[in-house]
Amino acid sequence: MEKTVQPGRYRHFKGGEYEVLFCAVDSETQTQQVVYRPLYGEGKIWVRPAAMWNETVERDGKTQLRFERLEPETELCALRQEINEIDAQMAALFCRRMQTVQQVAQYKKQNGLAVQDPAREKQVLESNTALLPERAYAPYYASFLQQVMKLSREYQTRMLSQGDTP
């Protein structure tokens with residue numbers, strides 16, 4: 001009898017990490033199949049026989065599991081590292097956004113425009129939340145955008161009141 005493969009993160013003996021989504025049974029052979037995705041690249045969904053998933057391989061004279069389950073703490077660390085990488089990308093994008101906000105403030109100052117434009121903010125919320133492939137995130141993303149726009153307005157107001165525009 002094949003050992004059941006549990007959902008979670010695994011490391012392949014060559015180093016790549018994978019997420020087991022679930023196990024299934026092949027309708028023709030009745031064998032257990034592991035449904036998984038690599039945690040790199042395109043993230044395509046793959047299927048492999050559980051017997052192959054669970055087997056041992058020999059590499060450099062050492063016998064080891066083909067896939068080793070990562071402990072939950074290791075899994076949590078890996079997930080947190082991924083969040084850290086995303087946050088670093090978001091920090092760079094935030095700086096880029098605020099630099100553009102600075103240019104917007106300059107334009108508004110030169111053209112006597114108000115800092116807040118409710119119609120524009122409504123359009124930004126609608127068009128950007130429509131981009132989400134996962135609709136369940138929409139209210140959270142809208143809240144995130146509202147906070148970013150609030151910070152942008154505060155920054156513009158400060159720059160215009162202090163004459164800090166470039």
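How do strand β5 and strand β6 pair, and over how many bridges? Hold that thought for a second while I say what we're looking at. This is a predicted model, where local features need pLDDT of at least 70, side-chain atom pairs count only at pLDDT 80 or more, and totals for chains, interfaces and linings use all residues. Residues are numbered from 1 along each chain as its sequence is written, and side-chain values use heavy atoms, with hydrogens and water left out.

Okay, back to the strands. β5 covers residues 56-59, β6 covers residues 62-65, and they pair in the antiparallel sense over four bridges. When I say strand or helix, I mean a DSSP run, E of at least two residues for strands and H or I of at least four for helices, numbered from the N terminus. And two strands pair if DSSP finds at least two bridges between them. If you want to trace the pairing yourselves, Val 57 stands opposite Gln 64 in β6, and Arg 59 has Lys 62 as its bridge partner.

Now look at the turn of that hairpin, with its two residues between the strands. Asp 60 is in the loop there, between β5 and β6, and has a positive phi of about 55° although it is not a glycine. For background, most residues other than glycine have a negative phi. Asp 60 is also exposed, because its relative accessible area is 79%. My cut-offs there: buried is under 20% relative accessible area, exposed is over 50%, and partly exposed is in between, with a 1.4 Å probe and protein chains only.

Gln 30 is another one to click on. That residue is in the loop between β2 and β3, and its phi is positive too, near 65°. At 57% relative accessibility, Gln 30 counts as exposed.

Let's go inside. Which residues make up the largest nonpolar core? There are nine in all: Val 5, Tyr 10, Tyr 18, Val 20, Val 34, Tyr 36, Ala 50, Trp 53 and Phe 67. A nonpolar core here is a set of buried Ala, Val, Leu, Ile, Met, Phe, Trp, Tyr and Cys residues joined through side-chain atoms within 4.5 Å. At least two residues of this core come from each of β2 (17-25), β3 (32-38) and α1 (50-54). There's another core apart from this one, with five residues, including Val 124, Ala 142, Leu 145 and Met 149.

Val 5 is a nice way into the big core. Skip its neighbours within four places in sequence, and Val 5 is in contact with Tyr 10, Val 20, Cys 23, Val 34, Ala 50, Trp 53 and Asn 54. Contact just means heavy atoms within 4.5 Å.

Next, helix α4, residues 138-162, which is where Phe 144 sits. Phe 144 is partly exposed, because its relative accessibility is 40%. Together with Ile 86 and Met 90, Phe 144 forms a nonpolar patch on the surface, with about 250 Å² of accessible area. Patches take residues with over 30% relative accessible area and no salt bridge, joining like charges within 9 Å and nonpolar side chains (Val, Leu, Ile, Met, Phe, Trp, Tyr) within 5 Å. The areas themselves come from the Shrake-Rupley method with a 1.4 Å probe, and for residues only the protein chains shown count as cover.

Also in α4 is Ser 152. So is this serine buried or exposed? Buried, because its relative accessibility is 4%. Leaving aside neighbours within four places in sequence, Ser 152 is in contact with Arg 97, Met 98 and Val 101.

Last topic, charges. Side chains of opposite charge can pair when their charged atoms come close. I'm calling a salt bridge a side-chain nitrogen of Lys or Arg within 4 Å of a carboxyl oxygen of Asp or Glu, and the count comes to eight. One of them joins Arg 37 and Glu 19, with the closest N and O atoms 2.8 Å apart. That pair links distant parts of the chain, with Arg 37 in β3, Glu 19 in β2, and their positions 18 residues apart. Back in α4, Glu 154 and Lys 150 meet at 3.3 Å, N to O. They are separated by about one helical turn because they are four residues apart in the helix. And finally, Arg 9, Arg 11 and Glu 17 are linked in a network of salt bridges.
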